[in-house]
Amino acid sequence: MLSEKIKQLRVQACLSQEQLAEKLNVSRQAVTKWETGGGVPDIENLRALSALFCISLDELLENRAVPRPLQDFLFESVTEYDVDCQKDFDITFSGAHRVVLCGCGGEKVRVRLASNQLPGIQSAFKVKLDDNRRGIDLDVHRTGTMTEALAKEALHLFIFLPRQYLRRVELTGNTGALTIRELRAEGAEFSGKVGRVFLQGFSGHLELDSGEDMQIVCADLDGRLDVNQISCTSRLTLPEGTVFRAACRGVSNSISYQRGGRPAPDFSAGAKTPCENLIELCGLKSELVINAAPAPLEEV
């Protein structure tokens, strides 16, 4: 049941009802009702819960046990900052094993650094926030003897941005995997190197500028996705039946299609078909394979 799952997730995250209520900007009585079955969170609070606990809405609502505890790291450091108006976010990081970027409810930016291998994580990385007229610059940088190689092996970076105040976001750095969940933005862009990308609940215009071949999995598609690369071959997997238009720009680029991993004719919508979803390949000497998957998509 949803009530039991919310309580289980809260306990695993080592949060009291008061602390959870504060993070979601609701009353403690509301949390008590959710956990006892006396009330149900509205859609915005459901999204906030899924973002806070790093699970999808489907996982939150389905009737099965939580697959793993949130506190599955031995060491962590958390930074929070209050936001009071719409902002552009410019985020940079100097290497991470995995980056999770989530939209959340409330008014706080929350940055969580986690690891099982870095007991000195609080001193090995510093989070700097600069709130200016243009927006917020957020920098996660290494200190002391911490190397990018070790950061890419051991650091898990979770960034939560308040949806009500999010306008645009730019994310720059090198990571093995990038997850973007429950995020709505006028524009979003990743620049750097990433091998695996998972998208769920993103709405808007997203640009992926990666210097490496990518495995991209979209649990859903709502808007425009640009893949910008030079001399790379990437693969984009979508749920079967997703309606989209495709465009190939740049020099010596190509798009091909598969169904269930096997070559298939072009199944994108024609230029005259009304469609808000657009997938565009840009750059130089790059290939994009668009694959339709009949099975439910999971994070790569």
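A salt bridge is taken here as a side-chain nitrogen of Lys or Arg lying within 4 Å of a carboxyl oxygen of Asp or Glu. In this predicted model, such contacts join Arg-224, Asp-226, Arg-249 and Glu-280 into a network. A search of the whole structure finds 15 salt bridges. Side chains of opposite charge can pair when their charged atoms come close. Three further pairs are a good way to get to know the fold.

The pair Glu-18 and Arg-28 forms a salt bridge in which the closest N and O atoms are 3.7 Å apart. This contact links distant parts of the chain, with Glu-18 in helix H2 (residues 17–24) and Arg-28 in helix H3 (residues 28–36), 10 residues apart. Glu-18 is partly exposed, at a relative accessible area of 47%. Arg-28 also counts as partly exposed, at 34% relative accessibility.

A salt bridge within one helix is found between Glu-44 and Arg-47, both of which belong to helix H4 (residues 43–52). The two residues are 3 residues apart, about one turn of the helix, and their closest N and O atoms are separated by 3.1 Å. Here Glu-44 has a relative accessibility of 36% and counts as partly exposed, while Arg-47 is partly exposed with a relative accessible area of 23%.

Strands take part in this kind of pairing as well. Lys-108 forms a salt bridge with Asp-82, and the closest N and O atoms of the pair are 2.9 Å apart. Distant parts of the chain are again linked, since Lys-108 lies in strand E4 (residues 108–115) and Asp-82 in strand E1 (residues 75–82), 26 residues apart. Both partners count as partly exposed: Lys-108 has a relative accessibility of 24%, and Asp-82 one of 48%.

The backbone offers its own points of interest. Most residues other than glycine have a negative phi. Against that background, two serines are worth a look. Ser-231, which is not a glycine, has a positive phi near 55°. Its place is the loop between strand E12 (223–230) and strand E13 (233–239). Ser-252 likewise has a positive phi, of about 55°, although it is not a glycine. This serine is found in the loop between strand E14 (245–248) and strand E15 (254–259). Is Ser-252 buried or exposed? With a relative accessible area of 53%, Ser-252 is exposed, because the cut-off for that class is over 50%.

Conventions
Residues are numbered from 1 along each chain as its sequence is written. This is a predicted model: local features need pLDDT of at least 70, side-chain atom pairs count only at pLDDT 80 or more; totals for chains, interfaces and linings use all residues. Side-chain values use heavy atoms; hydrogens and water are left out. Helices (H or I, at least four residues) and strands (E, at least two) are DSSP runs, numbered from the N terminus. Buried means under 20% relative accessible area, exposed over 50%, partly exposed in between (1.4 Å probe, protein chains only).
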